[in-house]
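Let's take a look at how charged side chains pair up in a protein model. Have the 3D view ready and follow along.

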Amino acid sequence: MIKNEVDMQVLHLLGPKLEADLEKKFKVAKARLEETDRRTAKDVVENGETADQTLSLMEQLRGEALKFHKPGENYKTPGYVVTNLLKQHLEITGGQVRTRFPPEPNGILHIGHAKAINFNFGYAKANNGICFLRFDDTNPEKEEAKFFTAICDMVAWLGYTPYKVTYASDYFDQLYAWAVELIRRGLAYVCHQRGEELKGHNTLPSPWRDRPMEESLLLFEAMRKGKFSEGEATLRMKLVMEDGKMDPVAYRVKYTPHHRTGDKWCIYPTYDYTHCLCDSIEHITHSLCTKEFQARRSSYFWLCNALDVYCPVQWEYGRLNLHYAVVSKRKILQLVATGAVRDWDDPRLFTLTALRRRGFPPEAINNFCARVGVTVAQTTMEPHLLEACVRDVLNDTAPRAMAVLESLRVIITNFPAAKSLDIQVPNFPADETKGFHQVPFAPIVFIERTDFKEEPEPGFKRLAWGQPVGLRHTGYVIELQHVVKGPSGCVESLEVTCRRADAGEKPKAFIHWVSQPLMCEVRLYERLFQHKNPEDPTEVPGGFLSDLNLASLHVVDAALVDCSVALAKPFDKFQFERLGYFSVDPDSHQGKLVFNRTVTLKEDPGKV
């Protein structure tokens, strides 16, 4: 527990080590870096910048540590081929930094995408640049309208506004014209090898690799006109990638209507072909990709140069993963199909829609990404580090309320008033300037069943025989007089007397309570998987579906909450005193509120 806490605090203060941190630094350079840090901190304080702007500044410093090129200095990047197009590019952009976030609209964004969003948008913002949101919609059979909407919503939810929303399909006509030009230059050909023959990295050269240019032009036109069935013909580029993959596919046949272009096309470009050319069209300066795309960097440069178009620079960084999580689209669909989770936004998942539904504030996710930082190596973090960021934000933003999950009825036999009293409860006890809310205090109150023990174990400080307890915010202490039990011997209610807290000895504890409460449903979540790496066959031989934690969801149907939350709306957040942070679920309706537990008040290292 101590080690986890120390690791979390060090990560919070310093962030993960970058490659630059491991290099030997001279004192002069170190002093200059410290001076930059001081100036940045000073600017933040004097200018009153927001947490989002502070994050952008951090991304700027990390970008410098990764030695990113400046706009127009693409030629300083290893492997970059210098052309005269850089001058034209600078005339168009004015030396502006341009990035893009290019998701595929075939699934919901997850926590790893949050890092990509923060990096792309944050780096552009830190350098007074712009960032495009570009949908890579080149695979129509897997794309759905709900994914487009959800991706836009999540980008906005994290606090970012794209300079422009674009689609790869915006450029289908230009991409096709360039494919024809590649063939004319002898750099692409139509191939009839089947998909299974193209798999792997040591495949034999295609027998159609040297077919005449004129023949490939005719066949490619035939592909466009729908004269080949799916898988019968592809257009392939003549190059060998870093990982040994030979002649990647540029176009394939798909008879699926496109959500934007309808039936206009029956051939669609691949990622390897589309990505760099769309970057070129939009004059992207920094094409920021995760590490698995490093093997495509040479093809990225090759294709732009082969067509004599402006060539951006691709930079790779490590992905962000979490333990106890599965983020693969295919595997989440399996979880949904088997009933293990309800949908993509089930709060036990680490999709962004799920985290929002659970009550994670976007600021907390951004702060987490900032703490993780941008490194070349893949980063796999513990969920409790993300939860710590959530607590940091909610502690300052979630007003307090009182709720009882497993209630026990308590009757105050000497209640000090003829009718209920109105109690003023601070929204934030540490800062009463943030206001108060009012709750009723009546002769009948409800407490947590676990706050009473007939035969308490040593160290128990709450209500018991001969051990009074205070009721939070009331100024009263209650003392047990009688225990009412049902036929089965189960405690049904308690009878107590009360006195002013200042009229006697201070009790050992103060407990929360509710009076004249609202009934609500509370959903308590734990980790969905039992092992850190549920997809690792050495750790979970039976597969990730065999690793499900059957106690990952506990629903309390008849919880009680004070009436101060009566007008709460979906996604409103509260701290239920002594219980944790909770968020109103969209399943709530006029008759009954539903709350999701976002996180507990403190990390529980022993939880499953």
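Which residue forms a salt bridge with Lys 453? The partner is Glu 457, and the closest N and O atoms of the two are 3.2 Å apart. Keep in mind that this is a predicted model. Glu 457 is partly exposed, at 41% relative accessibility, and Lys 453 is partly exposed too, at 29%.

That pair has company: the count comes to 34 salt bridges. Here are three of them, with their N to O distances.

| Acidic residue | Basic residue | N to O distance |
|---|---|---|
| Glu 457 | Lys 453 | 3.2 Å |
| Glu 292 | Arg 319 | 3.7 Å |
| Asp 587 | Arg 523 | 3.0 Å |

Now look at where the second pair sits. Glu 292 is in the loop between β8 and α12, while Arg 319 is in the loop between β9 and β10, so their salt bridge ties together parts that are 27 residues apart in sequence. Glu 292 is partly exposed at 40% relative accessibility, and Arg 319 is partly exposed at 31%.

The third pair, Asp 587 and Arg 523, meets in a salt bridge. This one links distant parts of the chain, 64 residues apart: Asp 587 is in the loop between β25 and β26, and Arg 523 is in strand β22. Is Arg 523 buried or exposed? Arg 523 has a relative accessible area of 9%, so it counts as buried, whereas Asp 587 is partly exposed at 28%. Both belong to one network of salt bridges with shared partners, whose members also include Arg 342, Asp 345 and Glu 521.

Conventions
Residues numbered from 1 in each chain as written. Predicted model: local features only at pLDDT ≥ 70, side-chain atom pairs only at ≥ 80, totals over all residues. Heavy atoms only, no water. Salt bridge = Lys/Arg side-chain N within 4 Å of Asp/Glu carboxyl O. Helix = DSSP H or I, 4+ residues; strand = E, 2+ residues; numbered from the N terminus. Buried < 20%, exposed > 50% of the residue type's maximum accessible area, 1.4 Å probe, protein only.
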